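Work through the exercises below with the sequence and the model open. Each task is followed by a solution in steps.

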Amino acid sequence: MTAKISAAVVLAGGQSLIPVMNLRMGHPAALVDVCRIPELQQLSMTPDGSLHVGAGVRQADVLADREVGARWPMLRRAISEIGHPQIRSRGTVCGSIAHADPAAELPAVALALDATMVVRSRRGERRIAAEEFVLAPFTTVLEENEILIEVVFPPAGADSGWAFEEFATRRGDFATAGAAVRLVAGAGAVIDCRLALFGVGGRALRLSEAEEAVVGRPVDEEVLAAVHSAVESGLDPSPDVHASGEFRRELAARLAVSTIERAWERSNG
Amino acid sequence: MADSRVRTATTPPLLEPSAWHEIELEVNGEIVGAQVESRLLLVDFLRHRLGLTGTHVGCEQGSCGACTIIIDGQASRSCLAFAVQADGASIRTVEGLAPSGAPLNRLQEAFHTEHGLQCGFCTPGFLMSLTALEESGEVGKESIEEHLDGNLCRCTGYVNIKKAAHKALLGTSEEAAR
């Protein structure tokens with residue numbers, strides 16, 4: 001097939017790719033539907049406690065899985081913010097991550113939960129940290145002939161807290177800005193914090209200064225003020241039809257503060 | 001004789017025969033077999049090949065919900081799926097709710113009595129979204145709201161649509177008006 005078709009594109013749930021084609025903004029010579037490959041339909045938890053989501057797994061299937069929801073509540077919460085039930089019934093988790101829309105929920109969740117992308121081609125398999133996977137809007141490190149076959153979410157410890165919030169003009173719309181936090185606490189202080197902001201740059205991103213303001217301390221007013229100013233000084237979002245750059249920056253700072261506060265409350269610190 | 005005014009149409013680079021597919025699926029309880037071109041959208045297959053024109057084409061980008069049908073038990077956009085992807089699937093369209101001659105079902109009746117439609121363009125999508133919700137067994141005020149959110153209506157402002165949904169699915173339409 002690769003010899004005959006040079007421009008084959010992977011079709012997963014189609015909820016992003018088909019609109020692009022309908023709008024004549026993309027015209028791949030051939031599509032390869034991966035949702036019918038049984039090996040890629042696996043939604044499983046391995047003995048080490050991690051969650052494996054295959055490329056053919058629909059968002060609705062993850063949302064309906066009670067055990068997944070109980071152990072990865074951020075994933076459930078984030079998926080419930082994607083489009084509408086009528087979209088999630090076909091959209092896939094891996095498809096959304098590989099599409100890499102800068103305002104999408106799942107790339108940010110992958111970043112906050114330190115997920116690993118498993119990528120395969122005829123040359124073999126490689127594993128890529130969420131951190132390194134997305135390069136720019138709609139652009140990932142996936143090379144030609146490579147397919148994202150699954151995303152692996154590591155287990156969340158009992159001492160971790162989480163929060164996910166987004167602001168959108170209407171429910172179901174892409175976020176004007178959003179934040180996803182996973183925080184590990186112990187002995188009355190934050191041990192580790194991963195804050196992923198989305199909708200405010202070319203891709204979901206972490207701000208090390210905001211994270212560093214939290215680590216090693218209990219989350220209090222002073223820490224939250226430091227997070228607010230770290231986000232404000234670390235972001236320069238572009239304006240668009242939905243919001244000015246300043247509005248987005250302020251929104252992101254407030255979402256960072258409220259999600260970190262919430263994640264701290266949920267942690268056992 | 002060569003005529004410079006005659007323009008030759010270019011043949012699209014179809015990769016025969018892989019650009020055509022034999023599919024078999026169930027539509028409103030009937031088994032349908034067809035040959036479809038790769039590029040044919042499911043909504044166009046339903047409308048143009050099967051004549052089921054109750055499913056409407058609105059935005060073609062998944063926003064409006066006018067094309068919503070039920071694929072294997074789940075409300076889905078038929079404008080965001082290719083016909084070939086429906087091979088082996090069980091599909092229901094608005095025509096399946098009250099087959100010709102049958103009385104309107106409870107949901108349709110509620111839309112009628114509560115004036116849940118004006119021009120009617122969006123109605124089939126609303127009906128199919130709500131039918132899938134009803135069958136999922138997850139009916140509640142919040143899930144009704146969530147499913148209605150996935151469909152756009154440009155006429156009625158949703159109050160009566162919500163009333164109709166509440167009447168049919170929860171047995172009361174009064175609270176929905178608030």
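Contact here means heavy atoms within 4.5 Å. The model is predicted: local features need pLDDT of at least 70, side-chain atom pairs count only at pLDDT 80 or more, and totals for chains, interfaces and linings use all residues. Residues are numbered from 1 along each chain as its sequence is written, chains are lettered from A in the order in which they are written, and side-chain values use heavy atoms, with hydrogens and water left out.

**Exercise 1.** Describe the surroundings of Arg182(A) and state which side chain of opposite charge is nearest.

*Solution.*
Step 1. Locate the residue: Arg182(A) lies in strand S11 (residues 177–186) of chain A. Strands (E, at least two residues) and helices (H or I, at least four) are DSSP runs, numbered from the N terminus.
Step 2. List its contacts, leaving out residues up to four places away in sequence: Met74(A), Ala112(A), Leu113(A), Pro155(A), Ala156(A), Gly157(A), Ser160(A), Gly161(A), Asp192(A), Cys193(A) and Arg194(A).
Step 3. Check burial and charge. Arg182(A) is buried, that is, under 20% relative accessible area with a 1.4 Å probe, protein chains only. Lys and Arg count as positive, Asp and Glu as negative; His and the chain ends are not counted. The nearest opposite charge is on Asp192(A), 4.8 Å away, and Arg182(A) has no salt bridge. A salt bridge needs a side-chain nitrogen of Lys or Arg within 4 Å of a carboxyl oxygen of Asp or Glu.

**Exercise 2.** Characterise the interface of chain B and chain A.

*Solution.*
Step 1. Count residues: 26 from chain A and 28 from chain B take part in the contact.
Step 2. Give the area: about 2,100 Å² is buried, 50% of it from carbon and sulfur atoms. Buried area is the accessible area (1.4 Å probe) that two parts lose on being put together, summed over both. Of the area that chain B buries against chain A, 29% comes from Leu80(B), Gln85(B) and Glu146(B), more than any other three residues supply.
Step 3. Find the salt bridges: the rule gives two across the interface. One of them pairs Arg88(A) with Glu146(B), with the closest N and O atoms 2.7 Å apart.
Step 4. Assign elements: on the side of chain B that touches chain A, strand S3 (68–71), strand S4 (74–77) and helix H4 (141–149) each supply at least two residues. H4(B) gives the largest share, five residues.

**Exercise 3.** What is the order of elements in chain B?

*Solution.*
Step 1. Count them: chain B has five helices and five strands.
Step 2. Read from the N terminus: β-β-α-β-β-β-α-α-α-α.

Methods
Buried < 20%, exposed > 50% of the residue type's maximum accessible area, 1.4 Å probe, protein only.
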